[in-house]
Amino acid sequence: MTALLDVRGLVVTFPAPGSGLRRKRVHALSGVDLSLRRGHTHGLVGESGSGKSTLARCVLGLQRPDDGSVVFDGTEIVGLRGSALRDIRRRIQPVFQDPLGSLDPRWTVGRSVRESLDAFGVGSPLDRERRVRELLDLVGLSPDHADRHPVQLSGGQRQRVGIAAALASGPDLIVADEPVSALDVSVQAQILNLMARLQRDLGVAFLFVSHDLSVVEHVSNEVSVMYLGKIVETADRADLFAGPVHPYTRALLDAVPVPEPDARLVHVPLSGDIPSPIDPPSGCRFHPRCPRRVDSCSRELPALTPVEALNSTGHTPHRVACPVVLPARP
Amino acid sequence: MLQIDDVRVRIPVTGGRWVEAVGGVTLSVGSGEIVGLVGESGCGKSTLGGAVMGLLPSGSQLSGQVLLDGRDLRGLTAEEYRRVRGNDIALVSQDPSASLDPTFAVGAQVAEAIRNHRDIGRREARERAVELLRAVGIPDPGARYSDPPHRFSGGMKQRVVIAAALANDPSVLIADEPTTALDVTIQAQILHLLRDLTVRTGTGVLLITHDLGVVAQVCDRIAVMYAGQVVEQGTVRDVFADPLHPYTRALLDSQPAAHHQSGDLPVILGQVPDLTDPPAGCRFAARCARVHDRCTAAPPVVETRGGGRVACWLHDALPPVAQEAS
């Protein structure tokens, strides 16, 4: 089966803020491959500077890459313009962290949701009014909510509106960038349940960007771990969480606070700071902090390599960008 | 060391009404102990921190007792409180950039924190500041002393804030979401540092957080707040292994980390009560899966087997907590 989304060799750099004439550049993505199946959720985790949000923006067509390709359902979307771009945007919709930032505060909820229908010319005007009520119902809001303004809603309700607006155009893919990070844990659970139900009922795929590994573990079919513009490990959810291989993935999992009585922090999983993406380390981006580094790590940039022996579930090959931890090839 | 006894905080809002942000909290923090104060947005955990620090919104009403090393902080004048803050109690908040002056060298800010409370010379203060920066893990502290805050990463800035907070060996540190703005590997470093410093210095820490995982990692005891009240407190081991209050249980259950498989997460239905007019009985009753007729009356506070306490009618067979002599 072909992938719904296929990202290859994506490179993005920006001029560094405040660097003036020195023209330093932020290396946001340094050659990233990723694929996502129809109806699946691909979790993208990483810390500050990992490039996960830049990758999300490239998929949404909000950021033009310096190099590489983004193929959505067989169509190259890098460089698309005009009506071709609008057609693709109808099928790839965003959900952001802060719905207050993406909803117009002067508009009622109903108008915000209808805006997506209007923009993509979905149905007749009368159909659209009915469709707004249906969408609100789909995300667990009542028809009354259509007449309220964003400030009159709780954070969880606002995120439901954000999801309803994303669903309005009938997308195949929702790119969700930290969609539950601003929510309290009890509300977060409701939104995660809602997204899972929508996926079951509508077959929509998610590219789910989050810094929270527990959330990613809960929602994803496949997971990619990013560090300073590179994917260091990618695998089926179960394989990745049961058997992380890359030293960074292992440290990241060790650092996650788990609410269990035996989860005491006995040692620091990873020392040192995350280097700046303006002047990233040579070779493997992770080598200055890596407990397993050898001399060659500072010179050679490791490629994502499939590890057959690690692949237990058989869907996505478990791939790791670290020659040190890989078993020697015969 | 820090004894909070039946503290209530009312904050004025528009229309001549009051929000009862903290509704009768009793809690203590001992020497070298880290107590996690957890709850969701608006539960009053930061307001309680503000009550201890003497930093409540103007016009607020505070009742009950806040005892620090046996001294009631409630009657202090603004000037007396200023002497206590930064000396006997110190604050570390979520955003280290807001705590540091962007135009001054970080070392000078730590030295100033010392000289504000102690009559020592500049050179001695500088030496002590360098020592503190080293203790919190700033590499090459002598050279970094003169750097302004923007030369430091978020994690390193938070280390500097902790150094300044600990400059005068306070009895108690109030840490309000100290790692919430940090990446998870950096958070682990800062939590480890806090743990290490409390063991070495004997400073007690009230760690205010929304993250139960953080509590499990470093706290000795936990107090769970809901709608202005502590519904359950005890050792981290007891409370996480066997939560007695339905809210604590629901909060733990709704964590994705507790569910390694897919499937719906348990949720807490309904809304937090309006604290301008809090319900007379148990404040969680309207959302509680185990609600009962008796819940319309205020629940008894009982002592658990592990020496903790819980405020819930489900456990009224346990012995009531004796009123502490104040």
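**Entry 1: cavities**

I began with enclosed space and found that the structure holds four cavities of 30 Å³ or more. A reminder to myself before going on: this is a predicted model.

I looked at the largest cavity, which contains about 130 Å³ of space. Its lining is made of 17 residues. Nearest its centre I noted Cys284(A), Cys297(A), Cys322(A), Pro323(A) and Val324(A). Sorted by class, the lining gives eleven nonpolar, three polar and three charged residues.

I then turned to the second largest cavity, with a volume of about 60 Å³. Among the residues lining that cavity are Lys230(A), Ile231(A), Val232(A), Cys284(A) and Arg285(A). Phe286(A), Leu301(A), Pro302(A) and Ala321(A) are also in the lining. I counted classes here too: seven nonpolar, no polar and two charged residues. Cys284(A) appears in the lining of the largest cavity, and I met Cys284(A) again in the lining of the second largest.

**Entry 2: the largest pocket**

Next I went to open space. The largest pocket holds about 1000 Å³. Of its 48 lining residues, those closest to the centre are His211(A), Asp212(A), Thr180(B), His210(B) and Asp211(B), a list that draws on chain A and chain B.

Which elements supply at least two residues each to this lining? From chain A, I listed α7 (185–202) and α8. From chain B, I listed α1 (45–53), α8, β8 (204–209) and α9. The class tally for the pocket lining is 21 nonpolar, 19 polar and eight charged residues.

**Entry 3: the eight-stranded sheet of chain A**

I traced an open sheet of eight strands in chain A, in the order β6-β7-β8-β3-β9-β10-β12-β11, and its pairing is mixed. The edges are β6 (92–95) and β11 (305–306), each pairing on one side only.

I followed the pairing from the β6 end. β6(A) and β7(A) run parallel, with four bridges between them, and Gln93(A) sits opposite Ile174(A). On its other pairing, β7(A) is joined to β8(A) (residues 205–210) by five bridges, again parallel. There Ala176(A) has Phe208(A) as its bridge partner.

Is β7(A) enclosed or open to the outside? All five of its residues (173–177) are buried, so the strand is largely enclosed by the rest of the structure. I checked the two faces separately. One side carries Leu173(A), Val175(A) and Asp177(A), the other Ile174(A) and Ala176(A), and every one of them is buried.

Further along the sheet the sense changes: β10(A) and β12(A) (residues 319–320) are antiparallel, with two bridges. In that pair, Glu233(A) stands opposite Val320(A).

**Entry 4: helix α10 of chain A**

I moved to α10(A), residues 247–255, to see what is hidden there. Pro247(A), Tyr248(A), Thr249(A), Ala251(A), Leu252(A) and Ala255(A) are buried. What do these buried residues pack against? Within chain A, the partners are α8 (213–219), β9 (222–227), β10 (230–236) and α9 (237–242). From chain B, α8 (184–201) and α9 (212–218) join in. I noted that β10(A), one of these partners, is also a member of the eight-stranded sheet.

**Entry 5: chain B**

I looked up the record for chain B. An unreviewed UniProt entry lists residues 2–252 as "domain: ABC transporter". Over that range I read 39% helix and 27% strand, with the end C-alpha atoms 27 Å apart.

Chain B has an open sheet of four strands in the order β2-β1-β4-β5, with antiparallel pairing. β2 (17–29) and β5 (71–72) are at the edges with a single partner strand each, so one side of each has no neighbour in the sheet. Seven bridges join β1(B) (residues 2–13) to β4(B) (residues 61–68). Among the bridge partners, Arg10(B) is matched with Gln61(B).

**Entry 6: two positive phi values**

Last, I checked backbone angles. Most residues other than glycine have a negative phi, and I stopped at two that do not.

Asp73(A) has a phi near 50°. Asp73(A) is placed in the loop between β4 (67–72) and β5 (75–76) of chain A. With a relative accessible area of 30%, Asp73(A) is partly exposed.

Glu177(B) also has a phi near 50°. Its loop runs between β7 (172–176) and α8 of chain B. Why did I file Glu177(B) as buried? Its relative accessibility is 9%, and buried means under 20%.

Notes:
Residues numbered from 1 in each chain as written. Chains lettered and ligands numbered in written order. Predicted model: local features only at pLDDT ≥ 70, side-chain atom pairs only at ≥ 80, totals over all residues. Heavy atoms only, no water. Buried < 20%, exposed > 50% of the residue type's maximum accessible area, 1.4 Å probe, protein only. Contact = heavy atoms within 4.5 Å. UniProt positions renumbered as here; feature names shortened; annotations may be inferred. 1 Å grid on protein atoms, 1.4 Å probe; cavity = no way out; pocket = protein on both sides within 12 Å on 5 of 7 lines; lining within 4 Å. Points joined across faces, edges and corners; volume = space filled by probe spheres on them. Nonpolar A, V, L, I, M, F, W, Y, C, P; charged D, E, K, R; others polar. Pairing = 2+ DSSP bridges.
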